[in-house]
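Good morning, colleagues. I should like to take you through the empty spaces in one structure, and then through one pair of helices. Please keep the display in view as I speak.

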Amino acid sequence: MDIASYTSQDTKAWPGKISMVIVAGNGRHSMRELEAELHKNFTTNAVIFRGDVEGQSDLPIIAKRMKLKGKLVRIETDGSNPKQLGKMIARKVVDYVSVHIPAPLYRDSFEKAGKHSFEEVRKSIRMLESSGVAHEVVLDANGLQDGDIRDAASQLTGTLIIYADRELSGLERIARDLEGPKHIKVRNQNGEKAIR
């Protein structure tokens, strides 16, 4: 696995957990180094994978190693590798998945946002919704119209987080009338608020 960076004991990335946050990408660190750090910090109870997780073919194996060490595993993904995600769900090596999307689940909306992975992302989200694995969908609402946010919400059933560089009060106003998700939160750089 290519590891660009890591934080050994993070208390904010996964509320309620002391986590090691591993950013996949240009390899500067080894798994041996991270495992030694985990061994040293025995209070760490979770591992979060973010960054280029979709490009790490050995992620299911690494996640299993973390589970065997008694750690909870969370991945933050753009949803573009449903085959990898499906493997992790089937092997029961992931406890929480956060899927980040740039637009409602329409092909033209994704292409307008510069993404060409619409089918894969839609497949990943549908798989999660039927899997029983705890998950959330984070909608990057920067640059989106209120109608786009409503469309995205109507396509989801679980937890939706609306993220934007706006005041929480403005996001909250939009979120209160949304239909679809069971749970809705709004988030900006300064914080997060649960709407339902």
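**Pockets, a cavity and a helix pair**

The model before you is predicted, and its largest pocket has a volume of about 440 Å³. A total of 17 residues line this largest pocket. Those that lie nearest its centre are Ala-13, Arg-74, Glu-76, Glu-136 and Arg-187.

Which strands each supply at least two residues of that lining? They are S3, residues 46-51, S4, residues 72-77, S5, residues 96-101, S7, residues 159-163, and S8, residues 183-188. The largest share comes from S5, with 3 residues. As to chemical class, the lining of the largest pocket divides into 8 charged, 5 nonpolar and 4 polar residues.

I turn now to the second largest pocket, where the space amounts to about 200 Å³. Its lining consists of Pro-102, Ala-103, Ser-109, Lys-112, Ala-113, Asp-140, Asn-142, Gly-143, Leu-144, Gln-145 and Asp-148. In this second lining there are 4 nonpolar, 4 polar and 3 charged residues.

Next, the enclosed space. How many cavities of 30 Å³ or more does the structure hold? The count is 1, and the largest cavity has a volume of about 40 Å³. The residues around this cavity are Ile-75, Thr-77, Gly-79, Ser-80, Asn-81, Gln-84, Leu-85 and Ser-124. Two elements, S4 and helix H3, residues 82-90, give two or more residues each to that lining. Strand S4 therefore deserves a second look on your screens, for S4 also supplies at least two residues of the lining of the largest pocket. By class, the cavity lining holds 6 polar residues, 2 nonpolar ones and no charged ones.

Finally, the helix pair. Helix H1 covers residues 31-40 and helix H2 covers residues 59-68; their axes come within 12 Å and cross at roughly 20°. Because angles under 35 degrees count as roughly parallel, H1 is described as roughly parallel to H2. The crossing of these two helices is right-handed.

Which residues meet where H1 and H2 are in contact? From H1 come Met-31, Glu-35 and Leu-38, and from H2 come Ile-62, Arg-65 and Met-66. The residues of this contact comprise 4 nonpolar, 2 charged and no polar ones.

To close, I would ask you to set two linings side by side: that of the largest pocket includes 8 charged residues, whereas that of the largest cavity has no charged residues. Thank you for your attention.

Conventions. Residues numbered from 1 in each chain as written. Predicted model: local features only at pLDDT ≥ 70, side-chain atom pairs only at ≥ 80, totals over all residues. Heavy atoms only, no water. 1 Å grid on protein atoms, 1.4 Å probe; cavity = no way out; pocket = protein on both sides within 12 Å on 5 of 7 lines; lining within 4 Å. Points joined across faces, edges and corners; volume = space filled by probe spheres on them. Helix = DSSP H or I, 4+ residues; strand = E, 2+ residues; numbered from the N terminus. Nonpolar A, V, L, I, M, F, W, Y, C, P; charged D, E, K, R; others polar. Axes fitted to C-alpha atoms, helices over the stretch in contact; angles between N-to-C directions. Parallel < 35°, antiparallel > 145°, perpendicular 65-115°, else oblique. Left-handed = near helix turned anticlockwise from the far one by under 90°. Contact = heavy atoms within 4.5 Å.
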